[in-house]
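The exercises below ask you to read a protein model step by step. Try each task by yourself before you turn to its solution.

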Amino acid sequence: MKILFINVVYGKGSTGKVVQSLFNESSKNHETYLVYGRGKKVEEKNVFKLTCELESKIHHLISKFTGNMYGGMFFSTRRIINKIKELKPDVVNLHCLNGYFVNIYRLLKWLAKNNIKTVLTAHADFMMTGGCGIAGECNKYLTCNCRNCKNVHSFNGAISLNRTRHFFNKMNESVSLFKDKNFCVTTVSPWLEERYKNSPIYRKYSVTSIMNPVDETFFKIGSKNPYIHDKNVLFVTPDIFDVLKCASLVKPIAQQRKDIHFTVICTKNQEYDFNEENITYIKGGVPKELLRDYYYFADGTLLLSTRETFSMVTAESLCTGTPVYGFECGGPESISNPNDTCFIKERNIAELSEKLLTIERNRIAIQNNAKNSFDEKNVFDQYLKAFSSLLLII
């Protein structure tokens, strides 16, 4: 089978690591290619960066006024389409198409009109809203085509025109050109699957969920305990100031649980002062082997997000055999075994603080449950079934 993956980034960030894993796994037995848009150019066989960074920056600036986040990108989109023509893949697997690297509408229309077998992997909401990546509690995309969006300035800047209904309709028109036999959707969690099944854009297409793969590093035994305290809870975030990740809540929880030491690891090199003796803050991230050790030797991992479609933190923690504690936020509670996690419905800090470290830890059982869901080979086998199902339909 000849497979082409398309994503905004490669080898970095959550989706970049996901497509890298799928690319590497599929390359073992199939002719596989990968196209990405943003970041540094990598010198790897069959991996192509086809987006001009200058064009991306110009379009990003223009979109701040026009609201057209997923259009434009004429030259980069032409290069991507030309690469598809050159490679002639049996199936194209689209992942995150945001990030100002491709004209989503033009790419979808071209794939549909040329009867290219296409699998859309949804990591967020924007492919069904045509605008925001995280709709939160808003359900306008289900009922009134995102008319008069109140949140447009929060996700596209203060001077953006409010054209959300227009871009919802453009997304709908682009997707609707696909014949049923040429198109299907996979989502990264059962929770997100239900959202896409109810979306008016995707109701007529097959929608299933396939978990994100986790690097096999996290399934291995920890090598050295990085902690010096008896009870340890880990909190990992890509951005300490991301309001959706709620890192600021670690402090009040730590104040209520002085018997526990909290370690906060932030991928970005950001200064932050928690000003608590039982909180250690590590900025700039750590190597993945060391991160595995932080997960493995922790007594629990904390997840405080208001919304997650998947949560790689949850998956990685469970793969090391460490239970996860947090608030219900969508994807995490749908991708995990309830015996291995404690997700509280109400965002009650006192209740969460009390629940910390109450799960009876069975490392082997937790890892086995995680392996069934997140093992790289198991995940790709599910993708292979999705690809094959399209190819078998004439």
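A pocket, as the word is used here, is an open set of grid points with protein on both sides within 12 Å along at least five of seven lines, whereas a cavity is a set of points where a 1.4 Å probe fits but cannot get out. The model is a predicted one.

**Exercise 1. Pocket and cavities**

Task: State the volume of the second largest pocket and find the residues nearest its centre. Then describe the largest cavity.

Solution. Rolling a probe the size of a water molecule over the atoms shows where empty space is left. Begin with the second largest pocket, whose volume is about 200 Å³. Its lining is made up of 16 residues, and Cys132, Cys138, Cys149, Lys150 and Asn151 are the ones that lie nearest its centre. Next, look for the helices that take part: helix H6 (140-143) and helix H7 (152-156) each supply at least two residues of this lining.

Now turn to the cavities, of which a search of the whole structure finds two of 30 Å³ or more. The largest cavity has a volume of about 50 Å³, and its lining residues include Gly67, Met69, Gly130, Phe155 and Phe167. H7 and helix H8 (164-176) each supply at least two residues of the lining of this cavity.

**Exercise 2. The seven-stranded sheet**

Task: Give the strand order of the open sheet of seven strands and name the strands at its edges.

Solution. Strands of a sheet pair through backbone hydrogen bonds, either parallel or antiparallel. In this sheet the pairing is parallel, and the order of the strands is S3-S2-S1-S4-S5-S6-S7. Strand S3 (47-49) and strand S7 (206-209) each have a single partner strand, so one side of each is left without a neighbour in the sheet. From one strand to the next, the twist averages 20°.

For one pair in detail, take strand S4 (residues 91-94) and strand S5 (residues 118-122), which are joined in the parallel sense over three bridges; Val92 has Thr118 in S5 as its bridge partner. Helix H1 (residues 13-26) packs on the sheet, where it touches strand S1 (2-7), strand S2 (31-36), S3 and S4, and its direction makes about 170° with that of S1.

**Exercise 3. The six-stranded sheet and its helices**

Task: Work out the order of the open sheet of six strands, and then decide whether helix H12 is largely enclosed or left open by the rest of the structure.

Solution. The order is S10-S9-S8-S11-S12-S13, with parallel pairing. Strand S10 (279-283) and strand S13 (341-344) stand at the edges with a single partner strand each, so one side of each lacks a neighbour in the sheet. Within the sheet, strand S8 (residues 232-237) and strand S11 (residues 300-303) run parallel and are joined by two bridges, and Val233 stands opposite Gly300 in S11.

Helix H11 (residues 288-297) packs on this sheet, touching S8, strand S9 (261-266), S10 and S11. Asp293 lies in helix H11 and, at 5% relative accessibility, counts as buried because the cut-off for that word is under 20%. Leaving aside its neighbours within four places in sequence, Asp293 is in contact with Gly222, Ser223, Lys224 and Pro226.

Helix H12 (residues 312-319) lies across S8, S11, strand S12 (324-327) and S13, and runs at about 170° to S11. Eight of the eight residues of H12 are buried, so the helix is largely enclosed by the rest of the structure; among them are Met312, Glu316 and Cys319. Gly321, whose phi is positive, near 90°, follows H12.

**Exercise 4. Nonpolar cores and two tyrosines**

Task: Identify the residues that touch the most other members of the largest nonpolar core, and then place Tyr105.

Solution. In soluble globular proteins, nonpolar side chains tend to be buried together. The largest core here has 98 residues, of which Ile6, Met127, Tyr202 and Phe374 touch the most other members. Helix H4 (residues 104-113) gives the most to this core, with seven residues. Apart from this core lies another, of 25 residues, including Ala254 and Leu352.

If residues up to four places away in sequence are not counted, the residues that Tyr202 touches include Leu120, Met127, Phe183 and Val207. Tyr105 is found in helix H4 and is buried, with a relative accessible area of 3%. Among its contacts beyond four places in sequence are Asn68, Tyr70, Phe167 and Ser174. Finally, the C-alpha atoms of Tyr105 and Tyr205 are separated by 18 Å, although these residues are 100 residues apart along the chain.

Technical notes: Residues are numbered from 1 along each chain as its sequence is written. This is a predicted model: local features need pLDDT of at least 70, side-chain atom pairs count only at pLDDT 80 or more; totals for chains, interfaces and linings use all residues. Side-chain values use heavy atoms; hydrogens and water are left out. Two strands pair if DSSP finds at least two bridges between them. Helices (H or I, at least four residues) and strands (E, at least two) are DSSP runs, numbered from the N terminus. Contact means heavy atoms within 4.5 Å. Axes are lines fitted to C-alpha atoms, for helices over the stretch in contact, and angles run from 0 to 180 degrees between N-to-C directions. Buried means under 20% relative accessible area, exposed over 50%, partly exposed in between (1.4 Å probe, protein chains only). A nonpolar core is a set of buried Ala, Val, Leu, Ile, Met, Phe, Trp, Tyr and Cys residues joined through side-chain atoms within 4.5 Å. On a 1 Å grid over the protein atoms alone, a cavity is a set of points where a 1.4 Å probe fits but cannot get out, and a pocket is an open set with protein on both sides within 12 Å along at least five of seven lines; lining residues have an atom within 4 Å of a point. Grid points are joined across faces, edges and corners, and a volume is the space filled by probe spheres set on the points.
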